[in-house]
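Here's a quick walk through this one, written for someone who would rather be at the bench. Have a look at the model first, then read on.

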Amino acid sequence: MHWATIWMNLFHTTSLWGIDMGFWLGMGVVLLIVIAMNVVFWSMKPQKPDRLP
């Protein structure tokens, strides 16, 4: 399957603001990973120490 051809048929371009769509796809993947990591981190409850000496 040729993603560039499908994208070209849908939007009549393979770049956005002069940058290839592969770059934007990669940035989107990184953004989703960062958002997922933040959701996991901020949803964790802090651990309480057992007892201080």
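W3, I6, W7, L10 and F11 together make a nonpolar surface patch of about 570 Å². Keep in mind that this is a predicted model. One of the patch residues, F11, sits in helix α1, which covers residues 3-11. F11 is partly exposed, since its relative accessible area is 46% and the partly exposed class runs between 20% and 50%.

Now for the overall layout. The chain has two helices and two strands, and reading from the N terminus the order is α-β-β-α. Is the chain a compact globule or more spread out? It is more spread out, because the radius of gyration is 21 Å, well over the 10 Å that the globule rule gives for 53 residues. The C-alpha atoms fill a box of roughly 65 × 25 × 15 Å along the principal axes.

Burial fits into the picture here: just 2% of the 53 residues count as buried. The chain exposes about 5600 Å², and carbon and sulfur atoms supply 72% of that.

How far can you trust the model? Mean pLDDT for the chain is 81, with 92% of the residues at 70 or more. Among the elements, helix α2 (residues 21-43) has the highest mean pLDDT, at 90, while strand β1 (residues 15-16) has the lowest, at 69.

Helix α2 is also where you'll find V39. V39 counts as exposed, because its relative accessibility is 52% and the exposed class starts over 50%. V39 and G18 are 21 residues apart in sequence, and their C-alpha atoms are 32 Å apart in space.

Next, the aromatic rings. How many aromatic pairs does the structure hold? There are two. F23 and W24 form an edge-to-face pair, with 5.1 Å centre to centre and 75 degrees between the planes. The F41 and W42 pair is edge-to-face too, because the ring centres are 5.2 Å apart and the planes are at 80 degrees; the cut-off for that label is over 60 degrees.

Here is how the four ring residues come out on accessibility:

| Residue | Relative accessible area | Class |
|---|---|---|
| F23 | 40% | partly exposed |
| W24 | 27% | partly exposed |
| F41 | 52% | exposed |
| W42 | 66% | exposed |

So F23 counts as partly exposed at 40% and W24 is partly exposed at 27%, whereas F41 is exposed at 52% and W42 counts as exposed at 66%.

How values were computed
Residues are numbered from 1 along each chain as its sequence is written. This is a predicted model: local features need pLDDT of at least 70, side-chain atom pairs count only at pLDDT 80 or more; totals for chains, interfaces and linings use all residues. Side-chain values use heavy atoms; hydrogens and water are left out. Helices (H or I, at least four residues) and strands (E, at least two) are DSSP runs, numbered from the N terminus. The radius of gyration is taken over C-alpha atoms; the globule rule is 2.2 Å times the number of residues to the power 0.38. Buried means under 20% relative accessible area, exposed over 50%, partly exposed in between (1.4 Å probe, protein chains only). Accessible areas come from the Shrake-Rupley method with a 1.4 Å probe; for residues, only the protein chains shown count as cover. pLDDT is the predictor's confidence in each residue, from 0 to 100. Patches are made of residues with over 30% relative accessible area and no salt bridge: like charges are joined within 9 Å, nonpolar side chains (Val, Leu, Ile, Met, Phe, Trp, Tyr) within 5 Å. A salt bridge is a side-chain nitrogen of Lys or Arg within 4 Å of a carboxyl oxygen of Asp or Glu. Rings of Phe, Tyr and Trp (its six-membered ring) pair if their centres lie within 6.5 Å; planes under 30 degrees apart count as stacked, over 60 as edge-to-face and the rest as tilted.
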